[in-house]
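Trainee: I've got the sequence and the model open side by side. Please pick one helix packed on a sheet, look at it closely, and then work outwards from there.

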Amino acid sequence: MSIRVVIQSRLSSSRLPGKALLTIAGQPMVVLAARRVARDGIPVVVATSSEPEDDAIAQVAADFGVTAVRGSLEDPLSRFMVATEGMADDDIVVRLTADNVVPDADLVREMVDLMQTAGVGYVRVGGPGAAVPYGVAAEAFPARLLREADAEAVDRADREHVTPYIRRVAGDKLINPSDLPENWGSLRCTVDALDDYDRVWRLFEGDPDPIGVSWRELCSRLDSTGLGRLRVRRKNVIEQGPYLLGTVQLGLEYGAANTKGLPTDTEAYQILNTAAEVGVSHLDTARAYGDSEKRIGTALARGLGERLGVVTKLRPLDDVPADAPAGWARAALDASVAESLRNLRASKIDALLLHRTRDLYKGGTAIRDGLRDLRENGIVTLTGVSVMTPVELIEVLADPEVGYVQLPFNLVDTRWVTPEVTAALVARPDVVITVRSVFLQGLLVGGDNARWPVIEGVDADYSRVIRRTVDELVADFGRANAADLCLAYVLGHEWVTSVVLGADTPAQVREQAELIRHKPVTREQMREVRARLGDLPEALVDPAQWKQS
């Protein structure tokens, strides 16, 4: 049995055109990917298209002594047939792509060994459920299954993605290399956008042996430097990253610390485009956020729809009585969803949340039935609730129809870390939990300029005490600043899938993305935060109560 690696590559990427020729460690990515795998003698072939635009790939491969073959742009499966000519049926084909330069000869050898031990016809490293960073990906299968796929597969997707037919025949076998740190699965090292390229370029920067450095060493760097910590996580049935861009600022003058007002249309697009560039997976919006949905819809129609998903909220059903007839409640639900779809210029939404927990039960079962219908009809992928209190959270987590929850949580709010709440969260690991109010409407990071509310019954000096304690914690934990501490604290809780952060400028989006890549605080540091800040009054940590004080 012999092994041959086939690296799929083209220049016509929709998200980052020409990325295969971008230089990392002094050589085009496609060449670096090939040379890392071939370093111990494994035969490697680059399979590119016959289109004139891919002449450059064939040329740089020749310049660096890498074998290249060419074929149909629309039919990569046929290119693999050309690349594997002369292989025996039982020889192993390994499929890689040129935008993933971390895989190397060690990974290929280990994967093939595990494949033989398992006695299966298809294995993969990476993809759904993988314990390796997103971008450490490879597939292996015998040449005979590739030939069978070429003879039998007629569906366009089967031929475009090469291996779907093989997985259906042989089964989808995920293997994870041994002795991997638990958190590596939350890292990202693929090159899919400009920000990804910058990340991987820095990963190899200054390395004296970019060909020989092992994939495990690169992943360790990725982890220790925080470069890759914006990995999209798959939970329930959607893939959502740790950073969601909150967009209430695009539609309303929002937040106790907001002094800039609404951005212009151009500024709004720049903010959204930057979010896509830095790896934000979803935008968080709502029918109640003024023109936010409309502005997002315009941006998605200008090309961002391929890179950004949307989580939106139903309009508050305050005009629908608790005992309203089912038809009334259902009509209100349907009308709000239809308006959101028109504003977003979309046919479906990744997640739809109720803005109020109490709205879930209006019209008897009408709202719950309507949400189920939206999911079953493919209009909405996940449905859930935006909760205000721990009591509401425990209530909705007991409802199997709820797959997504948004809640307010930050380092001064201990309501969400009680044993009762923790038990409810542990019982529903499938639910996406997104946290808002991480900075308490900007007050925790505003320093002396923050306009803290006056709370009846609370010492007027409380804001100075909080600011001083936060500053001390930043210094003691070695965090970059207060925002870093706030994010690291929230994301350190295992039940948190993502945080929602608003931004007034593109620069702020980039700054926040960089902070989210930092390591979360430890459990010991979490306990220290709670001990030093104490249990603050609910009227202080819950902005919903500020106007009532």
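Mentor: Let's start at helix H5, residues 143–152, which lies across strands E6 and E8 (138–142) and runs at about 90° to E8. Before going on, the bookkeeping: this is a predicted model, where local features need pLDDT of at least 70 and side-chain atom pairs count only at pLDDT 80 or more, while totals for chains, interfaces and linings use all residues. Residues are numbered from 1 along each chain as its sequence is written, and side-chain values use heavy atoms, with hydrogens and water left out.

Now the vocabulary. Helices (H or I, at least four residues) and strands (E, at least two) are DSSP runs numbered from the N terminus. Contact means heavy atoms within 4.5 Å. Axes are lines fitted to C-alpha atoms, for helices over the stretch in contact, and angles go from 0 to 180 degrees between N-to-C directions.

H5 also has a helical partner. Its axis and that of helix H3 (residues 76–83) come within 10 Å and cross at roughly 140°. That makes H3 oblique to H5 (under 35 degrees is roughly parallel, over 145 roughly antiparallel, 65 to 115 roughly perpendicular, and the rest oblique). The crossing is left-handed, meaning the near helix is turned anticlockwise from the far one by less than a right angle; clockwise would be right-handed. On the H3 side you'll find Leu77, Ser78, Phe80 and Met81, meeting Leu146, Arg147, Ala149 and Asp150 of H5. By class, that contact holds five nonpolar, one polar and two charged residues (Ala, Val, Leu, Ile, Met, Phe, Trp, Tyr, Cys and Pro count as nonpolar, Asp, Glu, Lys and Arg as charged, the others, Gly among them, as polar).

Next, the sheet under H5. It is open, has six strands in the order E5-E4-E1-E6-E8-E7, and its pairing is mixed; two strands pair if DSSP finds at least two bridges between them. At the edges sit E5 (67–71) and E7 (123–125), each pairing on one side only. Neighbouring strands here are turned by 25° against each other on average, ignoring direction. Zoom in on E1 (residues 3–8) and E6 (residues 92–97): they pair in the parallel sense over six bridges, with Arg4 bridged to Val93 of E6. Helix H1 (residues 29–38) lies across E1, E4 (44–49) and E6, running at about 155° to E4.

For contrast, scroll along to the other sheet. Eight strands, E11-E12-E13-E14-E15-E16-E17-E18, make a closed barrel with parallel pairing, and its neighbouring strands are turned by 30° on average, direction ignored. Within the barrel, E15 (residues 380–386) runs parallel to E16 (residues 404–408), joined by three bridges; Ser386 has Gln406 of E16 as its bridge partner. Helix H13 (residues 366–376) lies across E14 (349–354) and E15, at about 150° to E15.

There's another helix pair worth a click: the axes of H10 (residues 265–278) and H18 (residues 506–516) come within 8 Å and cross at roughly 25°. That makes H10 roughly parallel to H18, and the crossing is right-handed.

Last stop, rings. The structure holds three aromatic pairs; Phe, Tyr and Trp rings (the six-membered one for Trp) pair if their centres lie within 6.5 Å, with planes under 30 degrees apart counting as stacked, over 60 as edge-to-face and the rest as tilted. Phe409 and Tyr489 have ring centres 5.9 Å apart and planes at 45°, so this pair is tilted.
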